[in-house]
Amino acid sequence: DSFEEQYYPSTCLVMEAGVRVLRRRDAPFNKLPFGRLFPRQKLFRNVKSVKTCAIVSSAGSLVGSKLGRFIDTHDIVMRFNHAPTQGYEVDVGSKTTIRVVNSQVVTKPEFDFPHAPIFRNVTIAAWDPGKYNGTLEDWLTSADYDLFTNYEIYRRRYPKSRAFLIDPHSVWRLWQSLQMFAGNRPIRRNPPSSGFIGLALLLPYCSQVDFVEYMPSTRLNGRCHYYSKEMNSACTFGSWHPLAAEKLMALDMNVADDMSVFQFGILRIRQPDKLLC
Ligand code: NCC
């Protein structure tokens, strides 16, 4: 009856989704030649020294933020898809530790995933949702976009690279966490955006995550991306991805004040205390 009994931190829900990358030992990949393409390394090196992480959304309202220097002070900086830093350093910084890329970006020729310099010398976590209740075997033949071909080309070309595939089951578990948070309001059964997947992937490694311009700030300008002129508010508020639900949940996790969130555009999310979850 009391509030305390009802309260369950949304950071715990995100952690429990267990968003992760596939490893060689995971069935069925432990029996498939394809699994030997997965890196032996862990997702991040020196995890013990990681304290602060920044996630940089690709939102158009990063324009004029001047947050570049702040972003670069973090131990890990996560970006998405082909979002550039070159030419945008003042607003988005220049450091990139990891890129979360969707399967369209891996697949479509215009992004040239196997060769483009933007995907080199950074950790890559590529994802594709597959079917909601599909097995991993199904996924190999029925991914939304066949990311496997270019992943293989990339891994053969750069055997020392840290390029991983995100476990699609863990993407759907994250969707379930979102639905749990939304309670009796049904959210559409489409996977979360790369931004929310990235947050869930990173949170276990960071005591604190600063998520930049995910919650739209007062700089809101209608542009889809900081790196293009396209005007499209759906990029910010959602149409296909359950973006609004994601952002409400992220705001629920936030510990920063309104000034930080809505003026500076920085959500601060702390790793939950395990005793709370
Ligand atoms: O646009 P996209 O996302 O690459 O953006 C990365 C993440 O930043 C957050 N974002 C972006 C724009 C904005 N105005 N507000 C935001 O909060 C979101 O969290 C978003 O996930 C994706 O999630 O992978 C997505 O990718 C694009 C597109 O495939 C790639 O950019 C390559 O061109 C999708 N757009 C289309 O398919 C047309 C987008 O829906 C989701």
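Mentor: Let us begin with a term: a residue is called buried when its relative accessible area is under 20%, exposed when it is over 50%, and partly exposed in between. The structure above is a predicted model. In this model, glutamine 179 has a relative accessibility of 18% and therefore counts as buried.

Trainee: Where does glutamine 179 lie, and which residues does it touch?

Mentor: Glutamine 179 is part of helix α8. Setting aside residues up to four places away in sequence, glutamine 179 touches Arg185, Pro186 and Ile187.

Trainee: Is histidine 169 buried, partly exposed or exposed?

Mentor: Histidine 169 counts as partly exposed, because its relative accessibility is 29% and the partly exposed class lies between 20% and 50%. Histidine 169 also belongs to helix α8. Beyond its neighbours within four places in sequence, histidine 169 is in contact with Gly134, Thr135 and Leu136.

Trainee: How should I read separation along the chain against separation in space for histidine 169 and glycine 130?

Mentor: Read the two values side by side. Histidine 169 and glycine 130 are 39 residues apart along the chain, and their C-alpha atoms are separated by 8.7 Å. A second pair is arginine 270 and aspartate 91, which are 179 residues apart in sequence and 24 Å apart in space, C-alpha to C-alpha.

Trainee: What else can be said of the surroundings of arginine 270?

Mentor: Arginine 270 is placed in strand β7, which covers residues 266–270. With a relative accessible area of 44%, arginine 270 is partly exposed. Not counting residues up to four places away in sequence, arginine 270 touches Thr11, Leu203, Ser207, Gln208 and Val255.

Trainee: How does one describe the burial of a whole helix, and how many residues of α9 are buried?

Mentor: One asks the question of each residue in turn. In α9, 9 of the 9 residues are buried, so this helix is largely enclosed by the rest of the structure. Among the buried residues of α9 are Ser194, Phe196, Ile197 and Leu199.

Trainee: Which elements give two or more residues to the shell around the ligand, and which residues are closest to the ligand?

Mentor: Let us start with the residues. The ligand is surrounded by 20 residues, and the closest are Asn81, Asn102, Ser194, His225 and Lys247. The ligand takes up the space of the largest pocket. The elements that give two or more residues to the shell around the ligand are α5 (103–107), α9 and α10 (234–237).

Trainee: Which atoms of the protein lie beside the oxygen and nitrogen atoms of the ligand?

Mentor: Look for pairs of N or O atoms. A polar side-chain atom of serine 194 is 2.6 Å from an oxygen atom of the ligand. For asparagine 102, an N or O atom in the side chain is 2.7 Å from an oxygen atom of the ligand. At cysteine 235, a backbone N or O atom is 3.2 Å from a nitrogen atom of the ligand. On its own, the ligand has 730 Å² of accessible area, and the protein covers 78% of this.

Trainee: How is a buried polar side chain such as that of asparagine 190 to be read, and what does its side chain reach?

Mentor: One looks for a polar partner. Asparagine 190 lies in the loop between α8 (168–182) and α9 (194–202). With a relative accessible area of 12%, asparagine 190 is buried. The side chain of asparagine 190 reaches the backbone oxygen of tryptophan 240 at 2.9 Å. Apart from residues up to four places away in sequence, asparagine 190 touches Trp172, Trp175, Trp240 and Pro242.

Trainee: Which residues other than glycine have a positive phi, and where do they lie?

Mentor: Two such cases can be taken together. Asparagine 121 is not a glycine, yet its phi is positive, at about 55 degrees. Asparagine 121 is found in the loop between α5 and β4 (123–127), and counts as exposed at 69% relative accessibility. Glutamate 213 likewise has a positive phi, near 55 degrees. Glutamate 213 is placed in the loop between β6 (208–212) and α10; with a relative accessible area of 2%, glutamate 213 is buried.

Trainee: Is the peptide bond from alanine 27 to proline 28 cis or trans?

Mentor: The angle to inspect is omega. From alanine 27 to proline 28, omega is near 0 degrees and the peptide bond is cis. Proline 28 lies in the loop between α2 (10–17) and β1 (52–56).

Key. Residues are numbered from 1 along each chain as its sequence is written. This is a predicted model: local features need pLDDT of at least 70, side-chain atom pairs count only at pLDDT 80 or more; totals for chains, interfaces and linings use all residues. Side-chain values use heavy atoms; hydrogens and water are left out. Helices (H or I, at least four residues) and strands (E, at least two) are DSSP runs, numbered from the N terminus. Buried means under 20% relative accessible area, exposed over 50%, partly exposed in between (1.4 Å probe, protein chains only). A polar contact is a pair of N or O atoms within 3.5 Å; within protein, one must be able to donate a hydrogen and the other to accept it, and residues adjacent in sequence count only if both atoms are side-chain atoms. Contact means heavy atoms within 4.5 Å. A residue is near a molecule or strand if one of its heavy atoms lies within 4 Å of it. Accessible areas come from the Shrake-Rupley method with a 1.4 Å probe; for residues, only the protein chains shown count as cover. On a 1 Å grid over the protein atoms alone, a cavity is a set of points where a 1.4 Å probe fits but cannot get out, and a pocket is an open set with protein on both sides within 12 Å along at least five of seven lines; lining residues have an atom within 4 Å of a point. A molecule sits in a cavity or pocket if more than half of its atoms lie within 2 Å of its grid points.
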